[in-house]
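This report walks through side-chain contacts in one structure. Keep the sequence and the 3D view at hand.

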Amino acid sequence: MASLITNPVTNTNSDRSKRKKKKNSMVKQNLQRSQKEDHARWKSEAQQQIYSSKLIQALGQVSLGTPSPSAPRGGRAVREAADRVLAVAAKGRTRWSRAILTSRLKLKFRKQKRSQRGSAAAVAAATRTSRSKKPRVSVLKLKAKSVPTVQRKVKVLGRLVPGCRKQPLPVILEEATDYIAALEMQVRAMSALADLLSGSGAASSSSAPPPEWPMPPTSQ
């Protein structure tokens, strides 16, 4: 008789574990499906055309002449505009896109804090006496030697992908896969724009009439 009596506590625990496993599997399947859709979306021609049109609009607002001290210059401004448009195209679904969109604001606040600390640091440097410094062994170098090769590569990959510096390996691999696919689409779009601009420039130069040179005076 005792063997026929079921324990309600163990039954509820087993039901909860089954529901939890089912929920986790559904979440994993939905995540994998969304990742496949995102990767296919970066390879589509429609997405490349949308990105190209937005990139042209963003590059039209970039000033390559004499920008303000706070604004980026030259090629860096073009690169930041291209990355920002790429993050907008990702619609904030990934960590790297959110990190790119928020990096500009963080950089602005950092510059404000540096300007505030600059005056205090100048006063402290003027009053501070010079002290002899002994050569110290870098702690980072010692740690780098003790860290295995795989972990070092994971750290390097986390630094290359925006927003993944302190993330675990599965998150870094997932974000890196999507980020690489987005960068490939960015390269294709910018190469197509460069070819289009170079072709239009060559066509305009060939269609222009030849210059008229003055005829030398004839001797009588």
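## Salt bridges

A salt bridge here is a side-chain nitrogen of Lys or Arg within 4 Å of a carboxyl oxygen of Asp or Glu. The model is predicted. It holds two salt bridges.

One joins Arg79 and Asp83, with 3.0 Å from N to O. Both residues sit in helix α3, four residues apart, so about one helical turn separates them. Arg79 is partly exposed, at 47% relative accessible area. Asp83 is buried, at 13%. The other bridge links Glu80 to Arg76, whose closest N and O atoms are 3.3 Å apart. Here too the partners are four residues apart in helix α3, about one helical turn. Glu80 is partly exposed at 22% relative accessibility. Arg76 is exposed, with a relative accessible area of 52%.

## A buried acid without a bridge

What is the nearest side chain of opposite charge to Asp178, and how far away is it? It is Arg41, at 5.5 Å. The cut-off for a salt bridge is 4 Å, so Asp178 has no salt bridge, although Asp178 is buried.

Asp178 belongs to helix α7, which spans residues 169-207. Its side chain does have a polar partner: the side chain of Trp42, at 3.1 Å. Arg41 also meets Trp42. Arg41 lies over the face of the Trp42 ring, 4.7 Å from the ring centre.

## The aromatic cluster

A pair of aromatic rings is described by the distance of the centres and the angle of the planes. This structure has two such pairs. In the pair of Trp42 and Trp96, the centres are 6.3 Å apart and the planes make 45°, a tilted arrangement. Trp42 lies in helix α1 (residues 8-42) and Trp96 in helix α4 (residues 95-127), so this pair ties together parts 54 residues apart in sequence. Trp42 counts as buried, at 0% relative accessibility. Trp96 is buried as well, with a relative accessible area of 0%.

The other pair is Trp96 with Tyr179. Their ring centres are 5.1 Å apart and their planes are at 50°, so this pair is tilted. Trp96 is in helix α4 and Tyr179 in helix α7, so the contact ties together parts 83 residues apart in sequence. Tyr179 is buried, and so is Trp96. Trp42, Trp96 and Tyr179 form one aromatic cluster.

## The nonpolar core

In soluble globular proteins, nonpolar side chains tend to be buried together. The largest nonpolar core in this model has 26 residues. Which residues have the most contacts inside this core? They are Trp42, Tyr51, Leu86, Trp96 and Val161. Two of these names, Trp42 and Trp96, also appear in the aromatic cluster.

Several elements give two or more residues to this core: α2 (45-60), α3 (74-89), α4 and α7. Helix α7 gives the most, with eight residues.

## Pulling it together

Trp42 links several of these features. It pairs with Trp96, makes a polar contact with Asp178 and has Arg41 over its face. Helix α7 recurs too. Helix α7 holds Asp178 and Tyr179, and gives eight residues to the largest nonpolar core. Helix α3 carries Arg79 and Asp83 as well as Glu80 and Arg76, and is among the elements that give two or more residues to the core.

Note on methods:
Residues numbered from 1 in each chain as written. Predicted model: local features only at pLDDT ≥ 70, side-chain atom pairs only at ≥ 80, totals over all residues. Heavy atoms only, no water. Buried < 20%, exposed > 50% of the residue type's maximum accessible area, 1.4 Å probe, protein only. Lys, Arg positive; Asp, Glu negative; His and termini not counted. Polar contact = N/O pair within 3.5 Å; in protein donor to acceptor, adjacent residues only side chain to side chain. Phe/Tyr/Trp six-rings, centres within 6.5 Å; stacked < 30°, edge-to-face > 60°. Lys NZ or Arg CZ within 6 Å of the ring centre and 35° of its normal. Core = buried A, V, L, I, M, F, W, Y, C linked by side-chain atoms within 4.5 Å.
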